[in-house]
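Below is a short note on this structure, set out as numbered points for reading alongside the coordinates. The points take up the ligand surroundings, the domains and one sheet in turn.

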Amino acid sequence: MFSIEEKWSNWAETFTTPQATIYEPASIDEVCTIVKQAVKQQQTIRAIGAGHSFSGVAKPDQLAVSLTRLRGLVHLNVEKHEATFWAGTHLYEMGPLLEAHGYALANMGDIDVQSLAGATSTGTHGTGITLGSLSSQVVRWGFVDGLGHYREVTRHDPLASSLHIGLGLFGVVVQLTLKVVPVYGLAYESSRMTVAETLHSFQQIVTTNRHAEWYYFPGQQQMQLKCMNAVPYDQLERKPTKALDHFIENRVLQGMSSLCKVMPRATTAVSQISAKAVPIGTRQDVSYRVFATPRQVKFAECEYAIPLHHFEAFLEELHYTMSRELFHVHFPIECRTQRGEAGILSPTQQQDSAFFAFHMYKGMPYKRYFRYMDQLLRKYDGRAHFGKMNRYTRCELERLYTDIDIFLTQRHQCDPNGVFMSEYMRKILI
Ligand SMILES: Cc1cc2nc3c(=O)[nH]c(=O)nc-3n(C[C@H](O)[C@H](O)[C@H](O)COP(=O)(O)OP(=O)(O)OC[C@H]3O[C@@H](n4cnc5c(N)ncnc54)[C@H](O)[C@@H]3O)c2cc1C
């Protein structure tokens, strides 16, 4: 069976394993063999995706299994509007595969390099108050459990609400069936709006646009509003973003970030310039090409869901806090929304929610800033995204997730030997 020995590191380089053995199985049988072997040798094994989690959720202790050889569309059920993919498929591969059959994903986040299994194991989400996370689109999981047995679980199974955000703790997910929608285009519009205007019209904008998201520039009045609305596929006037625009955007951000790293006091000026330079414009394309943009500038990130009705109060407090210039930060704060959903570890906990994401350029100190936001968001019932930097402990999980005991019991039933446990997961769960 194919395996490589190498250093493992996540994209943000916040977690590293100096030497890991990474298996790359080419069939479900091979996954079963890897798991059985690990159990026999009393080793632990972590399923890894594209390494795009900022937290240590994907960090292997010694052995890892990557599904890079298990990618692609397995089956499309036209009557049910359901598509089954190998779980190692990257999100950027899914759009064109589905489009060829007249389908699309209902929603996506702002990048598409993640693996399907990785993205759905942490509840990766986009924005849109009528839409759920990628995990909410899953109707069937095919996975190899901790005894090396292949199992299938559907949405109606009691295990589904644990698997919803499973963090790699229940098994190696090998196939996923997702509810898909007829292919559609998106019309994107970027505009400027002040904090006061956002506070006034947030609810109306969120309910009248399929997707809306804001960028708040630390300490600045001016925000960026990005809205995306569906366009029938056959009426699409393709006006894509040019690759050159992405390149320039990333180069400008890289330049400003390098400056802020050597001269942290420049962050205020950089924020002012960024807020004034918010691009105004529109574009149109098939949905998956509008959702995702390339991210070449590295950063660390944490993100929290709060109940939607707290949005205005939190934004006001955030603006007051950031105006005091307590932190040297020039990356804008991203504000999105999501329909509530029922996964046991879902940060939205069945209530429509707003997400606030905080970024810090790689190499600039982020701990004090993230800790402060974590404390501030407690007042607003904030729950952290598991794929992003967080301060979860067992005690915190018990406070925030009422069914955590069910999650842990089911985890133990699926993996009685703890073969999918890792040092990082143990710190949080035990
Ligand atoms: C630049 C950037 C932008 C991002 N944008 C967004 C965004 O818009 N919205 C959002 O919600 N998140 C976003 N994220 C976070 C990211 O989507 C999640 O952390 C996601 O989990 C990463 O997927 P991955 O394939 O890299 O998985 P990894 O990070 O490699 O793994 C994540 C988890 O999935 C588990 N896993 C992976 N494969 C399997 C498998 N086959 N079986 C079982 N478990 C498995 C791992 O064990 C781990 O627990 C972003 C991250 C970055 C770096």
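1. For the classes used in this note, Ala, Val, Leu, Ile, Met, Phe, Trp, Tyr, Cys and Pro count as nonpolar, Asp, Glu, Lys and Arg as charged, and the others, Gly among them, as polar. With that convention, the shell around the ligand divides into 15 nonpolar, 15 polar and 3 charged residues. Please keep in mind throughout that this is a predicted model.

2. The ligand is surrounded by 33 residues, of which the closest are G49, G109, G118, G168 and G387. Two or more residues of this shell come from each of the elements β3 (45–48), α3 (116–121) and β10 (172–179). Among the contributors, α3 gives the most to the shell around the ligand, namely 4 residues.

3. The domain assignment of the chain gives domain 1 (3–66), domain 2 (73–182) and domain 3 (184–384). Set against these bounds, the shell around the ligand takes at least three residues from domain 1 and at least three from domain 2.

4. Which separation is found between the centres of domain 1 and domain 2, taken over C-alpha atoms? The centres of domain 1 and domain 2 lie 20 Å apart on that basis, and the contact between these domains takes 15 residues from domain 1 and 16 residues from domain 2.

5. On the side of domain 1 that touches domain 2, the elements giving two or more residues are α1 (28–40) and β3. The largest share of that side is supplied by α1, with 6 residues. By class, the side of domain 1 that touches domain 2 consists of 10 nonpolar, 3 polar and 2 charged residues. The strand β3 therefore deserves a second look in the display, as β3 is listed both among the elements giving two or more residues to the ligand shell and among those giving two or more residues to the side of domain 1 that touches domain 2.

6. One open sheet has 4 strands in the order β1-β2-β4-β3, with mixed pairing. Its edge strands are β1 (3–9) and β3, each of which pairs on one side only. On average, neighbouring strands of this sheet are turned by 40° against each other, with direction ignored.

7. Within this sheet, which sense of pairing, parallel or antiparallel, joins strand β2 (residues 16–23) to strand β4 (residues 63–66)? The two strands pair in the parallel sense, over 3 bridges. As one point to check on the display, T21 has L63 in β4 as its bridge partner.

Terms used:
Residues numbered from 1 in each chain as written. Predicted model: local features only at pLDDT ≥ 70, side-chain atom pairs only at ≥ 80, totals over all residues. Near = placed C-beta within 6 Å. Domains from an automatic or database assignment. Contact = placed C-beta atoms within 7 Å. Pairing = 2+ DSSP bridges. Axes fitted to C-alpha atoms, helices over the stretch in contact; angles between N-to-C directions.
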